[in-house]
Structures are given as C-alpha cells and as structure tokens.
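Trainee: Could you take one part of this model and go through it slowly with me? I'd like to see how it connects to what surrounds it.

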Amino acid sequence: MSRNVNTILLSWLLWLLFSTTLLGQRTQPYFHNFTTEDGLPSSETYCAVQDKDGYMWIGTDNGVARFDGYEFEVFGSEHGLADVVVFNIVEVSRGTLWFMTYSGRVYFLVNDFFHKWTGKASVV
C-alpha cells in the first residue's frame, strides 16, 4: 500500500512540476495595427472578412482593401465601386463577395471589378 501511495504522490508531483513549466511557455499574441502608411485606403474601417482563399477584405470610408498577409490592394471607383464607403462585406457559399455601401447600394465582385446589383429581392 505504501508503495502505491508513493507512486501516486511522485506522479502527482511530476505532473505539477511539468504542467506549471509548460504554462510558463505560453507566448503572447502578436498584434500589428495597420495604417494608411501600410496601404490601407483610410484609417476608418467598418468591417473585415476573410474569404475562402485566405485574403482579408477591409471595408473603409475610402474603398475596399484586400490584404494578402504582406500588402494591401485597394479597390475604389476605378474598379466600379461608385460609392466607396463600404459598411458590410459578405461571402456567399459560392465564394462571391458582396459589398454594402453607405448609400444602400449593393455590389458584387467578379475578376477584381465591382458590379452593381440591380435585383429587387433581398440579397441575404
């Protein structure tokens, strides 16, 4: 009986020793705040969505930015987005990205060009 108690006690002490050591190895999350100097079209952002390909899409008051993990590509009026204040971005099951603007217009993106949605039914 004494041998079982010693084994249990030793096991418990080893577990305690190693579990607290492992907890001390946790790393702190790394945050990076991106600005217009990094390529964002504006410092005012309203929404962010990660698409199925891993790109981050950020809606701002001066267009949409696509972030690949290294740099931003900015989309605006020259890409068909007549209202550049984007409040919401949604990716539907087929992978199409939809963008809702301040004026209430809805756009979808095909081959890096925005098309205004002209349907009468609800999008979502």
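The part I'd like to look at is strand β6, which holds Leu97.

Mentor: Sure, but some ground rules come before the strand. This is a predicted model, so local features need pLDDT of at least 70 and side-chain atom pairs count only at pLDDT 80 or more, while totals for chains, interfaces and linings use all residues. Residues are numbered from 1 along each chain as its sequence is written, and side-chain values use heavy atoms, with hydrogens and water left out.

Now the overall layout. The protein chain has one helix and eight strands, and along the sequence they follow the pattern α-β-β-β-β-β-β-β-β. Both kinds of element are DSSP runs numbered from the N terminus: helices are H or I of at least four residues, strands are E of at least two. Of the 124 residues, 26% count as buried. For a residue, buried means under 20% relative accessible area, exposed means over 50%, and partly exposed lies in between, with a 1.4 Å probe and protein chains only.

On to your strand. β6 covers residues 97-101. Four of its five residues are buried, so the strand is largely enclosed by the rest of the structure.

β6 has pairing partners to look at, β5 among them. Two strands count as paired if DSSP finds at least two bridges between them. β5 and β6 run antiparallel and share five bridges; one of the matched positions is Val90, whose bridge partner in β6 is Trp98. Five residues sit between these two strands in their hairpin, and Gly95 there has a positive phi near 95°. β6 also pairs with β7, again antiparallel, through three bridges. Phe99 has Tyr107 as its bridge partner in β7. The hairpin of β6 and β7 has four residues between the strands, and Gly104 in the turn takes a positive phi of about 95°.

Take Leu97 next, since it is in β6. Leu97 counts as buried because its relative accessibility is 5%. A contact here means heavy atoms within 4.5 Å. Skipping neighbours within four places in sequence, Leu97 is in contact with Ile89, Val90 and Glu91, with Tyr107, Phe108 and Leu109, and with Asp51 and Trp57. Phe114 is 17 residues away from Leu97 in sequence, and their C-alpha atoms are 9.7 Å apart.

Trp57 is worth a stop. Not counting residues up to four places away in sequence, its contacts include Leu97, Phe99, Ile89 and Leu109, as well as Cys47, Val49, Val64 and Phe75. Trp57 also shows up in the largest nonpolar core: this core has 13 residues, and those with the most contacts inside it are Trp57, Val64, Ile89, Phe99 and Phe114. β1, β5, β6 and β7 each supply at least two residues of this core. There is also a second, separate core of five residues, including Leu40, Ile58, Phe67 and Phe72. A nonpolar core, by the way, is a set of buried Ala, Val, Leu, Ile, Met, Phe, Trp, Tyr and Cys residues joined through side-chain atoms within 4.5 Å.

Trp57 leads us to another piece of the fold. Strand β2 spans residues 56-60 and runs antiparallel to β1, with five bridges joining them; Thr45 stands opposite Thr60 there. Their hairpin has five residues between the strands, with Gly54 at a positive phi near 95°. These strands are part of an open sheet of four in the order β1-β2-β3-β4, paired antiparallel. Its edge strands are β1 (45-50) and β4 (72-75), each pairing on one side only. Within this sheet, β3 (residues 63-67) pairs with β4 over four bridges, and Ala65 has Val74 as its bridge partner.

Val74 then gives a contrast with Leu97. Val74 is partly exposed because its relative accessible area is 31%, whereas Leu97 is buried at 5%. Leaving out residues up to four places away in sequence, Val74 touches Gly39, Pro41, Val64, Ala65 and His79. To go back to your strand, keep its two antiparallel partners in view: β5 and β7.
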